[in-house]
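Colleague: Please put the fold up. I have some questions about how it is built.

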Amino acid sequence: MAKAKKIEVEGKEYLLAFPTRKDAENAERLGFSLNLMESQPLIQMDKLFHAALLAKQPNITAAMAIEIREKFQDKNGDIGKINSFLIEQYMGFFKFPNGEKEAVEAETVEI
């Protein structure tokens, strides 16, 4: 089952998640790149945060996403934990391309 982080900003609840592969792919369409994390960490995390919001709130713009993130941080929201969660969820699609989040071991046989 997919997981999400729920945050509250100014009395509104927002879900951040990548429940499907399509949602993770959308992050890339928005310009998110793991390769740029070292040189552009803030820009890349803004893109990932925006994509994670879009999964359950499809009308959120990039500017709205940044505003939500900033207001969450202003209220001492732990954005580091949110970022770690989002990267973990995004990376899960490399290990489990179809969205399965529970590992099944392949059997080793002699040939």
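What follows is a short exchange on the fold, the core and two residues.

Modeller: This is a predicted model, where local features need pLDDT of at least 70, side-chain atom pairs count only at pLDDT 80 or more, and totals for chains, interfaces and linings use all residues. Residues are numbered from 1 along each chain as its sequence is written, and side-chain values use heavy atoms, with hydrogens and water left out.

Colleague: Which pattern does the chain follow along the sequence?

Modeller: Helices (H or I, at least four residues) and strands (E, at least two) are DSSP runs, numbered from the N terminus. The chain has 4 helices and 2 strands. Read along the sequence, the pattern is β-β-α-α-α-α.

Colleague: Which element gives the largest share of the largest nonpolar core?

Modeller: A nonpolar core is a set of buried Ala, Val, Leu, Ile, Met, Phe, Trp, Tyr and Cys residues joined through side-chain atoms within 4.5 Å. The largest one has 26 residues, and I7, F18, F49 and L86 have the most contacts inside it. β1 (4-9), β2 (12-17), α1 (21-29), α2 (41-54), α3 (62-74) and α4 (79-95) each supply at least two of its residues. The largest share, 7 residues, comes from α2.

Colleague: Is I43 buried or partly exposed?

Modeller: I43 is found in helix α2. Buried means under 20% relative accessible area, exposed over 50%, and partly exposed in between (1.4 Å probe, protein chains only). I43 has 43% relative accessibility, so I43 counts as partly exposed.

Colleague: How far apart in space are I43 and G31?

Modeller: In sequence, 12 residues separate I43 and G31. C-alpha to C-alpha, their distance in space is 9.5 Å.
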